[in-house]
Amino acid sequence: MSYARIAELSSHAGQSVTVRGWVTHLRSSGKVAFIVLRDGTGILQAVVVKSQVPAEVWERFGALTQEACVAITGEVRADARAPGGHEMGLAALDVIGASPLDYPIQPKEHGVDYLLDHRHFWLRTPRQVAIARIRSEVEQAINDFFYEHGFLRVDTPILTAAIGERSGLFATEYFDLGNAYLAQTGQLYGEAAAAAFGKIYTFGPTFRAEKSKTRRHLTEFWMIEPEVAFIDSDENMQLQEDMLVFIVRRVLDRKQAELKELEREVAKLEAAASAPYPRIDYTDAVATLQKKGSAVTWGDDLGAEDETLLVEDYSTPVFVKNYPKEAKAFYMKENPADPRTVLCNDCLAPEGFGEIIGGSQREDDLEKILRRIREEKLPEDAYDWYLALRKYGTFPHSGYGLGLERTVAWICGTQHIRECIAFPRMMHRLRP
Ligand code: 4AD
Ligand code: MG
């Protein structure tokens, strides 16, 4: 028997093959019946004509249910009208795994909590499949971009001592060494690696025990963090822009079917793929926001509503740069032109999707970074090796972190990032 995947059927036109997959639709007139099958590579419609198949095949067809796993055999013909572009004339049908009638996801509206409880099945539906395929394309594009630009991928630890960003840490017992913490960022290790390899990026899961219940927060999310020796904050923004243009172009070039399934306005993504992206000084951004009626005052970090208000005049991502020191992390380099601020940027996605990147030039002066660690009352001991990077051959360097799920949510046009990872982890969700 010759098995075929649905995506490969065009090379089997006119032949008899067996395709294995799950039943997504069934319909019958009593004499002619149709099965739509999904195998993960595509969908295939098979036609069963009662008078042309053995009685037991017709009976087996009659007992089929949604999501049963089956093997169907028959001749494949190209048919532009059929879903998937081919049709099979069914000659034989075998049930591999039956599925009882109470399959949890029915063709009706389910609430999102119910769908999340059944994420293991929800993943099979067309919209979720499209999002997962775009996520995978974005991941591949990121790896390709950095590979083509001579970066080394460095995989940094997930179990760490207590260092990272300011938000909450997840702790777990670690033998005789006290607590280990799940990494909130790979950046500090990335900085060490940049002095060894010049241009690096990390790509891995990061963890934040924040009690945020917004549509933009997960407790476990994936972050890509390049770190580059000898580039400044402006060159750092250029790298972000080049990378984002590359990613969006790649999805536009290769994932049109998925964008269509998601009913994404492709013209908006086309606009977002055209550089240059505006670079707005934080101080100017605050003035603009105040004119638009925001209550933000100089010194605040920008909230989600402010971010939406600020980007409404643009069709590309927008950089906001040089935030006040107290709004940002201790490791950002003091701005020589205005020491109240640091050389950093956030990158805000258009259409109100909010911050997708946070980046900065790093403080490379040992005395200045020590002062910041003490001001923030951070555990100095835990940072000994990080500080030593400033003692032995300190070097100007910059980097950033791209949130994968937020980027995918923007590209897919989904309002909540929980759909942009296979099994989301949130404050109230650890299952499935
Ligand atoms: O702005 P953040 O906290 O920056 C860092 O972690 C730096 N160490 C990055 C660096 O310079 N190497 O996080 C970076 C990005 C955010 O812009 C956002 O896209 C994403 O990570 N992010 C989250 N995504 C989902 N859920 C959360 N709780 C997130 N927190 C941050
Ligand atoms: Mg940030």
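**A three-stranded sheet and some ring contacts**

Three strands make up an open, antiparallel sheet here, laid out in the order 7-9-8. Strand 7 and strand 8 are the edge strands, each pairing on one side only. Keep in mind that this is a predicted model. Beyond the sheet, a search of the whole structure turns up 18 aromatic pairs, and there are a couple of charges sitting over rings to look at too.

**The sheet, strand by strand**

- Strand 7 (residues 159-160) is tied to strand 9 (residues 179-182) by two bridges, with the two running antiparallel.
- If you want a spot to look at on that side, Thr160 stands opposite Tyr181 of strand 9.
- On the other pairing, strand 8 (residues 171-173) meets strand 9 through three bridges, again in the antiparallel sense.
- Two positions help you find the register: Thr172 has Ala180 in strand 9 as its bridge partner, and Glu173 stands opposite Asn179 in strand 9.
- Strand 8 and strand 9 also form a hairpin, with five residues between them.
- Check out Phe175 in that turn, as its phi is positive, at about 45°.

**Aromatic pairs**

- Out of the 18 aromatic pairs, one is Tyr277 with Phe319, a tilted pair with 6.1 Å from centre to centre and 40° between the planes.
- That pair links distant parts of the chain, 42 residues apart: Tyr277 is in the loop between helix 8 (266-272) and strand 12 (279-281), while Phe319 belongs to strand 13 (residues 318-321).
- Tyr277 counts as buried because its relative accessible area is 3%, under the 20% cut-off.
- Phe319 is buried as well, because its relative accessible area comes to 0%.
- Tyr383 and Tyr386 make an edge-to-face pair, because their ring centres are 6.4 Å apart and their planes sit at 65°, which is over the 60 degrees needed for that label.
- Both Tyr383 and Tyr386 are buried.
- Those two tyrosines belong to a cluster linked by ring pairs, whose members are Tyr189, Phe330, Tyr331, Tyr383, Trp385 and Tyr386.

**Charges over rings**

- Arg27 places its charged end over the ring of Phe34, 4.4 Å from the ring's centre.
- Lys328 does something similar with Tyr323, lying over the face of the ring at 4.3 Å from its centre.

Note on methods
Residues numbered from 1 in each chain as written. Chains lettered and ligands numbered in written order. Predicted model: local features only at pLDDT ≥ 70, side-chain atom pairs only at ≥ 80, totals over all residues. Heavy atoms only, no water. Pairing = 2+ DSSP bridges. Helix = DSSP H or I, 4+ residues; strand = E, 2+ residues; numbered from the N terminus. Phe/Tyr/Trp six-rings, centres within 6.5 Å; stacked < 30°, edge-to-face > 60°. Buried < 20%, exposed > 50% of the residue type's maximum accessible area, 1.4 Å probe, protein only. Lys NZ or Arg CZ within 6 Å of the ring centre and 35° of its normal.
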